[in-house]
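Open the model in a viewer and keep the selection tool at hand. The stops below say what to select and what is to be found there.

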Amino acid sequence: MAQRLGVSRRWLIEFEHARVPNPEFSTILSALTELGLSLDVRKNPAARRTL
C-alpha cells in the first residue's frame with residue numbers, strides 16, 4: 001500500500017499510529033480509496049458559527 005500511495009513503509013506505519021503531524025490531504029484521500037472507503041463532508045445545521 002505504501003508504494004501505491006507513494007510514501008515509505010515507515011511513513012505509513014507512523015500514519016497508522018497518528019504520528020504524522022501534517023499528512024497531505026490528497027494522501028489521506030488516496031489511502032481511503034485504496035481501502036475502499038470514502039469521505040463525506042456535510043454542513044451541520046446545529047453547529048454554531050464561531051468566525
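## Stop 1: Thr 27

Thr 27 has a relative accessibility of 13% and therefore counts as buried, the cut-off being under 20%. Bear in mind that this is a predicted model.

Colour helix 3, where Thr 27 lies. Then show what surrounds the residue: leaving aside residues up to four places away in sequence, Thr 27 touches Leu 5, Val 7 and Trp 11.

## Stop 2: the two sides of helix 3

Add Ala 31 and Leu 32 to the selection; like Thr 27, they are buried residues of helix 3. Now look down the axis of helix 3: the buried residues fall within an arc of 140 degrees, so they line one face of the helix. Turn on helix 1 and helix 2, which are among what covers these buried residues.

Which exposed residues sit on the face of helix 3 turned away from its buried side? Select Phe 25 and Thr 33 to see them.

Just after helix 3, stop at Gly 36, where phi is positive at about 75 degrees.

## Stop 3: a nonpolar patch

Keep Phe 25 selected and add Leu 29, Leu 39 and Val 41. These four residues form a nonpolar patch on the surface, and their accessible area together is about 410 Å². Leu 29 belongs to helix 3 and is partly exposed, with a relative accessible area of 33%.

## Stop 4: the ring pair in helix 2

Go back to Trp 11, one of the residues that Thr 27 touches, and select Phe 15 with it. The structure holds one aromatic pair. The ring centres of Trp 11 and Phe 15 are 5.2 Å apart and the planes are at 5 degrees, so the pair is stacked. For the planes, the cut-off for stacking is under 30 degrees.

Both residues lie in helix 2 (residues 9-16), where they are four residues apart, about one turn of the helix. In an α-helix there are 3.6 residues a turn, so residues three or four places apart point the same way.

Are these two rings' residues buried or exposed? Trp 11 counts as partly exposed at 22% relative accessibility, and Phe 15 is partly exposed as well, with a relative accessible area of 27%.

Ile 13 is also in helix 2. Its relative accessibility is 21%, so Ile 13 counts as partly exposed; the cut-off for buried is under 20%. Draw a C-alpha to C-alpha distance from Ile 13 to Leu 32: the two are 15 Å apart in space and 19 residues apart in sequence.

## Stop 5: the loop after helix 2

Move on to Ala 18, in the loop between helix 2 and helix 3. Although Ala 18 is not a glycine, its phi is positive, at about 55 degrees. Ala 18 counts as exposed, at 69% relative accessibility.

## Stop 6: salt bridges

How many salt bridges does the model have? The count comes to four.

Start with Arg 4 and Glu 34, whose side chains meet in a salt bridge at 2.6 Å, N to O. Arg 4 lies in helix 1 (residues 2-5) and Glu 34 in helix 3 (residues 25-34), so this pair ties together parts that are 30 residues apart in sequence. The partners can be told apart by their accessibility: Arg 4 is exposed, with a relative accessible area of 57%, whereas Glu 34 is partly exposed, at 36%.

Next select Arg 10, Glu 14 and Arg 19, which are linked in a network of salt bridges. Within this group, the closest N and O atoms of Glu 14 and Arg 19 are 3.6 Å apart. Arg 19 is exposed, its relative accessible area being 51%; the cut-off is over 50%.

Finish at Asp 40 and Arg 42. Their side chains meet in a salt bridge of 3.9 Å, N to O, for which the limit is 4 Å. Both Asp 40 and Arg 42 are exposed.

Methods:
Residues are numbered from 1 along each chain as its sequence is written. This is a predicted model: local features need pLDDT of at least 70, side-chain atom pairs count only at pLDDT 80 or more; totals for chains, interfaces and linings use all residues. Side-chain values use heavy atoms; hydrogens and water are left out. Helices (H or I, at least four residues) and strands (E, at least two) are DSSP runs, numbered from the N terminus. Buried means under 20% relative accessible area, exposed over 50%, partly exposed in between (1.4 Å probe, protein chains only). Rings of Phe, Tyr and Trp (its six-membered ring) pair if their centres lie within 6.5 Å; planes under 30 degrees apart count as stacked, over 60 as edge-to-face and the rest as tilted. Contact means heavy atoms within 4.5 Å. The arc is that of the directions from the helix axis to the C-beta atoms. Patches are made of residues with over 30% relative accessible area and no salt bridge: like charges are joined within 9 Å, nonpolar side chains (Val, Leu, Ile, Met, Phe, Trp, Tyr) within 5 Å. Accessible areas come from the Shrake-Rupley method with a 1.4 Å probe; for residues, only the protein chains shown count as cover.
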